[in-house]
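Please open the model in your viewer and keep a selection panel at hand. The stops below say what to select next and what is to be found there.

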Amino acid sequence: MAKYTKDDIVNRAKELAKMIAETEEVDFFKRAEAQIHGNETVSKLISEIKGLQKQAVNLHHYGKPEALKRTEDKIAKIEAELDAIPVVQEFKQSQGDVNDLLQLVASTISNKVTDEILTSTGGDLLSGETGAEIQNKECSHH
């Protein structure tokens with residue numbers, strides 16, 4: 001009955017991953033990421049945020065809510081400054097594009113598996129019922 005093993009499927013998934021890694025979306029992401037790392041302003045702001053995040057963890061740990069709030073506000077201000085930089089906007093857009101592509105692949109696989117299950121059991125794609133559900137309904141009406 002079974003035509004494929006888990007290993008077969010994982011190997012195909014690896015092939016698909018390689019294909020995805022060679023798309024325009026991923027290529028743009030790589031370029032945007034390289035620009036992020038090459039930008040001194042961005043690096044400085046990220047470094048500041050990391051330092052403040054460590055500080056925030058310590059303030060939270062030692063129960064200093066007022067100081068924690070001030071630190072969180074500083075982090076938010078720097079994040080807003082970071083988000084206003086065009087190369088950061090491009091990077092975030094490229095992350096979203098790659099994520100959208102991965103979501104599309106995942107939902108396509110999921111939907112196709114569901115359709116294959118329904119059709120292979122004599123089910124109905126429109127109602128989403130398997131053949132067993134349909135037969136069970138018909139039997140219970142007699």
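Select K69 to begin: at 47% relative accessibility this lysine counts as partly exposed, a class that lies between buried (under 20% relative accessible area) and exposed (over 50%), with a 1.4 Å probe and protein chains only. This is a predicted model, in which local features need pLDDT of at least 70 and side-chain atom pairs count only at pLDDT 80 or more, while totals for chains, interfaces and linings use all residues. Residues are numbered from 1 along each chain as its sequence is written, and side-chain values use heavy atoms, with hydrogens and water left out.

Add D73 to the selection, and a salt bridge between K69 and D73 comes into view, its closest N and O atoms 2.8 Å apart; the term stands for a side-chain nitrogen of Lys or Arg within 4 Å of a carboxyl oxygen of Asp or Glu. Because K69 and D73 are four residues apart in helix α4, about one helical turn separates them. D73, at 40% relative accessibility, is likewise classed as partly exposed. Helices here are DSSP runs (H or I, at least four residues), numbered from the N terminus.

How many salt bridges does the structure hold? There are seven, and another is found by selecting K44 and E48, whose closest N and O atoms are 3.0 Å apart. Both of these residues lie in helix α3, four residues apart, or about one turn of the helix, and E48 is partly exposed at 33% relative accessibility.

Move next to helix α5, where the side chains of K112 and E116 meet in a salt bridge of 3.2 Å, N to O. K112 and E116 are again four residues apart in the helix, so about one helical turn lies between them. Salt bridges that share partners also join E24, D27 and R31 into one network. Of these, E24 lies in helix α2 and counts as exposed at 53% relative accessibility; measure from E24 to V98 and you should find 9.3 Å, C-alpha to C-alpha, across 74 residues of sequence.

Now select L16, M19, I109, V113 and I117, which make a nonpolar surface patch of about 450 Å². Such patches are made of residues with over 30% relative accessible area and no salt bridge, nonpolar side chains (Val, Leu, Ile, Met, Phe, Trp, Tyr) being joined within 5 Å. Helices α1 (6-21) and α5 (86-120) each supply at least two of the patch residues, and α5 gives the most, with three.

Turn then to the interior, and select I36, V42, L82, I85, V87 and V88, the residues with the most contacts inside the largest nonpolar core, which has 17 residues. A core is a set of buried Ala, Val, Leu, Ile, Met, Phe, Trp, Tyr and Cys residues joined through side-chain atoms within 4.5 Å. At least two residues of this core come from each of α2 (24-37), α3 (40-61), α4 (65-83) and α5, with α3 giving the most, six residues. V88 touches I36, V42, L82 and D83, not counting residues up to four places away in sequence, where contact means heavy atoms within 4.5 Å.

Finish at S94 in helix α5, which is buried, with a relative accessible area of 1%. The side chain of S94 reaches the backbone oxygen of F91 at 2.7 Å, and, leaving aside neighbours within four places in sequence, S94 is in contact with F28, F29 and A32.

Methods
Patch = residues over 30% accessible without salt bridge, like charges linked within 9 Å, V, L, I, M, F, W, Y side chains within 5 Å. Areas by Shrake-Rupley, 256 points an atom, 1.4 Å probe, with all protein chains shown as cover. Polar contact = N/O pair within 3.5 Å; in protein donor to acceptor, adjacent residues only side chain to side chain.
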